[in-house]
Amino acid sequence: MPPCSAHATCKENNTCECNLDYEGDGITCTVVDFCKQDNGGCAKVARCSQKGTKVSCSCQKGYKGDGHSCTEIDPCADGLNGGCHEHATCKMTGPGKHKCECKSHYVGDGLNCEPEQLPIDRCLQDNGHCHADAKCVDLHFQDTTVGVFHLRSPLGQYKLTFDKARDACANEAATMATYNQLSYAQKAKYHLCSAGWLESGRVAYPTAFASQNCGSGVVGIVDYGPRPNKSEMWDVFCYRMKDVNCTCKAGYVGDGFSCSGNLLQVLMSFPSLTNFLTEVLAYSNSSARGRAFLEHLTDLSIRGTLFVPQNSGLGENETLSGQDIEHHLANVSMFFYNDLVNGTTLQTRLGSKLLITASQDPLQPTETRFVDGRAILQWDIFASNGIIHVISRPLKAPPAPMTLTHTGLGAGIFFAIILVIGAAALAAYSYFRINRRTIGFQHFESEEDINVAALGKQQPENISNPLNCSRVGMICPGPPSFKQERLKQVALSPAHPASQHKAAAQTNTPSTYVFTALRESHASDQWPPERFNLGLNTQNGPAPLQPSLFQDSEEQQLEGNDPLGTL
């Protein structure tokens, strides 16, 4: 019979029995595993360990005690808020476990919390840096994910390591989202049940509503915490600050950050062009055509090219005519600087022409271009209805050509002058005829009966002219005037070299007469006779009504037809 085990006792009848704390048939005895029996007498939440027959107990992590009695450790009660941020609350989630959550109006992972600052519409501040005449739209503010977006590998879900995830965001001109940025997106109702890398090496995903299939009903950030192994495969959450969209308002042109109005508005916005602007405004206040020109500069239906002299080329005391001002505008179309090549001609608003020339200075890399000899200093200043080029000096309009309107006006003035002269001649003619009737005509006698010696002494008999007096609108002569009394004689005789007086009634054909009026001299008989032209009808029309003086006793004779017809 084999001997008993060293841990056994030999009994009567040659039998073996294992000692205390051992078990077996006596021949083979092993130590009893007390840890399997009521955890070796240790606490249920303690670890039982046995060495030989000695049992030792120790509390598990998260518990404290001697092993036979263990209590949970509250990490939030360590006086340091469990290591959470000062604006976070610490919640015990199990023995030795806790969770940090940022307080209300704060955002973060609990270890780092910052005041909640939901995106503010940047257009509310300085119009989002857009131009004052532009409409601003903050795309980031209107984005429901507040700049956060999810990326997945082309190979499928959860195929990105941390490094590949970072590269994927960079390819989209973005960065990996932070925990806070993902939190803002979640507060903006971003819900996506797919975990992804974050900037700190954490893995998480947002839930906006409770779902047992997504986050086990958790609403917020389902956080897997920092991942020590950066080779794990996940998706990624990226972040990109979306732009502010600037769009010029109607009637303006530009990229939204710079907007230009019409030609007049652009002209008013340049301090170096105020002298020309002053001339334009003065022109608009001076005439209807000037006002029409000013309105033309604001007309959005036109496309014009305006040449504007800089202030240094147009002195404050220098003035431009309306023609000169309108000569600066080529309103046929827009001509960019590259279109203004040598030899180009532009038609102005006046219909005149502008000539583009160019010259190359050997010392300068670029050529200088001129418009009618004025150098173009600055070019391609855009407006909503045209373009402006700044020139060195003002342009001068050519003399206005004679138009049909001007010709007709001149002809009208000429004929009006003729009518006035004719009316004056007719009035003078009527006046002298009346005077002549008042003076009267000598009754005619035969040449033999005329006493020539008595002509200077005999007062002529006045005979009124029944033909003229009977005409409509004529006034019959009354008593002789003072001037008529001074007329000594009116002699009617055919013209001949010897100046003999002959009766004109001897023929039935029109005779040529000489009317000579002699003014009576109060001082001497040698007073020079004065000839009065009585406006007689001639073959070429009425004779001019101008008095003339004889020299000494010479007589000037005015030949003409008898205004009363054949005597």
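## Close-up views of the predicted model

**View 1. With a relative accessibility of 15%, aspartate 109 counts as buried.** The coordinates shown here and in the other views come from a predicted model. Aspartate 109 is paired with arginine 202 in a salt bridge, in which the closest N and O atoms are 2.9 Å apart. The two partners belong to distant parts of the chain, 93 residues apart: arginine 202 is in strand E17 (residues 202-207), and aspartate 109 is in the loop between strand E11 (106-108) and strand E12 (113-115). Arginine 202 has a relative accessibility of 9% and also counts as buried.

**View 2. Tyrosine 106 is part of strand E11.** The residue is partly exposed, at 23% relative accessibility. With neighbours up to four places away in sequence set aside, tyrosine 106 contacts His87, Cys113, Glu114, Pro115, Glu116 and Lys187. Asparagine 180 is 74 residues from tyrosine 106 in sequence, and the two C-alpha atoms are 9.7 Å apart in space.

**View 3. A salt bridge joins arginine 289 and glutamate 326, with 2.9 Å from N to O.** Arginine 289 is in helix H6 and glutamate 326 in helix H7, so the pair links distant parts of the chain, 37 residues apart. The partners fall in separate accessibility classes: arginine 289 is partly exposed at 45%, whereas glutamate 326 is buried at 0%. Elsewhere, Lys91, Lys99 and Glu101 form one network through salt bridges that share partners. The whole structure contains 16 salt bridges. Another of them pairs glutamate 17 with lysine 11, with 3.8 Å between the closest N and O atoms. Glutamate 17 is partly exposed at 44% relative accessibility, and lysine 11 is partly exposed at 38%.

**View 4. Helix H6 (residues 288-298) has Gly290, Phe293, Leu294, His296 and Leu297 as its buried residues.** These residues line one face of the helix, because they fall within an arc of 155° when seen down the axis of H6. In an α-helix there are 3.6 residues a turn, so residues three or four places apart point the same way. Ala288 and Glu295, on the other side of H6, are exposed. The buried residues of H6 pack against helix H4 (263-268), helix H5 (274-286), helix H7 (322-326) and strand E24 (329-330).

**View 5. The largest nonpolar core comprises 29 residues.** Leu182, Trp197, Val236 and Phe237 have the most contacts inside this core. At least two core residues come from each of strand E14 (148-151), helix H2 (162-171), helix H3 (179-187), E17, strand E18 (220-226) and strand E19 (235-239). Beyond residues up to four places away in sequence, valine 236 touches Phe149, His150, Leu151, Leu160, Ala165, Cys169, Met176, Gly196 and Trp197. Another core, of 23 residues, lies apart from the largest one and includes Tyr283, Leu297, Ile302 and Leu329.

**View 6. Glycine 156 is located in the loop between E14 and H2.** Glycine 156 is partly exposed, with a relative accessible area of 21%. Along the chain, glycine 156 and aspartate 235 are 79 residues apart, and their C-alpha atoms are separated by 9.1 Å.

**View 7. Cysteine 18 and cysteine 29 form a disulfide, with 1.9 Å between the sulfur atoms.** The link is left-handed, at -90° about the S-S bond. Cysteine 18 lies in strand E2 (residues 15-18) and cysteine 29 in strand E4 (residues 29-31), so the disulfide ties together parts 11 residues apart in sequence. Cysteine 18 is buried at 15% relative accessible area, and cysteine 29 is buried at 10%. In total, the structure holds 13 disulfides.

**View 8. Cysteine 123 and cysteine 136 are joined by a disulfide, S to S 1.9 Å.** The torsion about this S-S bond is about -75°, so the disulfide is left-handed. Cysteine 123 is in the loop between E12 and strand E13 (134-138), and cysteine 136, 13 residues apart from it, is in strand E13. Both cysteines are buried.

**View 9. The sulfur atoms of cysteine 130 and cysteine 246 are 1.7 Å apart and form a disulfide.** This link is left-handed, with -70° about the S-S bond. Cysteine 130 lies in the loop between E12 and E13 and cysteine 246 in strand E20 (residues 244-248), so the pair ties together parts that are 116 residues apart in sequence. Cysteine 130 is buried at 9% relative accessibility, as is cysteine 246 at 8%. Cysteine 10, by contrast, is in no disulfide; the nearest cysteine sulfur belongs to cysteine 4 and is 4.4 Å away.

Terms used
Residues are numbered from 1 along each chain as its sequence is written. This is a predicted model: local features need pLDDT of at least 70, side-chain atom pairs count only at pLDDT 80 or more; totals for chains, interfaces and linings use all residues. Side-chain values use heavy atoms; hydrogens and water are left out. Buried means under 20% relative accessible area, exposed over 50%, partly exposed in between (1.4 Å probe, protein chains only). Helices (H or I, at least four residues) and strands (E, at least two) are DSSP runs, numbered from the N terminus. The arc is that of the directions from the helix axis to the C-beta atoms. Contact means heavy atoms within 4.5 Å. A salt bridge is a side-chain nitrogen of Lys or Arg within 4 Å of a carboxyl oxygen of Asp or Glu. A nonpolar core is a set of buried Ala, Val, Leu, Ile, Met, Phe, Trp, Tyr and Cys residues joined through side-chain atoms within 4.5 Å. A disulfide is a pair of cysteine sulfur atoms within 2.5 Å.
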